[in-house]
Amino acid sequence: MIEIKNEFAEKLKEQQEKALKDRKDFMYTGYITKVLPNGFRINRVDFTFDKSITFKNQKGETLKLENFQVGDFVTAYHSHTSTETFPFKGTLYQLEQLMNNTPSTDWVKSLTESGQFIEPVIMDFWQEKDGTKTVKIIDIKKTKKFLYIVNYNHKTGKQTVKEIPNK
């Protein structure tokens with residue numbers, strides 16, 4: 001078997017990988033909460049796709065856009081975010097899928113589709129020692145006057161919502 005090297009293609013691939021690495025100024029990890037016309041809302045940032053965006057999983061394998069859905073837990077690689085508007089704005093160069101189709105990601109998806117919130121924006125998230133997941137949400141279509149602290153224990157299926165005034 002003869003191996004034919006395409007030096008041009010190899011050099012182009014190296015240049016693209018270097019450019020991608022150079023543009024990964026920032027990483028942002030969170031949940032996809034909304035599909036946008038040319039991107040995703042990930043927590044409190046509306047990201048649009050760069051024309052050379054790549055999609056991967058944790059193993060580095062290439063994925064397609066169709067592999068991503070609302071609720072997925074992802075890392076977004078981007079150059080900067082604009083905080084002039086809310087949700088913030090940014091441009092994605094690479095999207096890495098960390099979790100999908102798990103009780104946690106299904107729960108986040110249900111928060112966006114249940115009708116309890118019109119357009120939820122996740123401000124923060126964390127996990128308690130007992131495994132309870134917590135998200136802090138503002139519903140930007142209802143009112144920004146309240147934060148909602150939503151707890152979910154996937155072992156028991158119990159969810160609680162606490163409404164607190166937003167200062």
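**Exercise 1. Find the bridge partner of Gln127 in E7, then describe the hairpin around it.**

Step 1: Start at Gln127 and look across to E7, where its bridge partner is Lys133.

Step 2: Now zoom out to the strands (DSSP runs of E, at least two residues, numbered from the N terminus). E6 covers residues 120-127 and E7 covers residues 133-139, and they pair in the antiparallel sense over seven bridges. Pairing here takes at least two bridges found by DSSP between two strands.

Step 3: Check the turn. The hairpin has five residues between the strands, and Gly131 takes a positive phi near 95°.

Before going on, keep in mind that this is a predicted model, where local features need pLDDT of at least 70, side-chain atom pairs count only at pLDDT 80 or more, and totals for chains, interfaces and linings use all residues. Residues are numbered from 1 along each chain as its sequence is written, and side-chain values use heavy atoms, with hydrogens and water left out.

**Exercise 2. Work out in what order the five strands close into a barrel, and what packs on the sheet.**

Step 1: Trace the barrel: the order is E1-E2-E3-E5-E4, with mixed pairing. From one strand to the next, the twist averages 55°.

Step 2: Add the helix. H2 (residues 103-113; a helix is a DSSP run of H or I, at least four residues) packs on the sheet and touches E1, E4 (73-82) and E5 (88-99). Touching, or contact, means heavy atoms within 4.5 Å. The direction of H2 makes about 50° with that of E1; axes are lines fitted to C-alpha atoms, for helices over the stretch in contact, and angles run from 0 to 180 degrees between N-to-C directions.

Step 3: Look at one pair up close. E1 (residues 26-36) and E2 (residues 39-42) are antiparallel over four bridges, and Leu36 has Gly39 as its bridge partner.

**Exercise 3. Decide whether Ile32 is buried or exposed, and list some of what it touches.**

Step 1: Find Ile32 in strand E1.

Step 2: Its relative accessible area is 0%, so Ile32 is buried (under 20%; exposed is over 50%, partly exposed in between, with a 1.4 Å probe and protein chains only).

Step 3: Not counting residues up to four places away in sequence, Ile32 touches several residues, including Phe40, Ile42, Phe68 and Val74. Gln69 sits 37 residues apart from Ile32 along the chain, yet their C-alpha atoms are separated by 7.0 Å.
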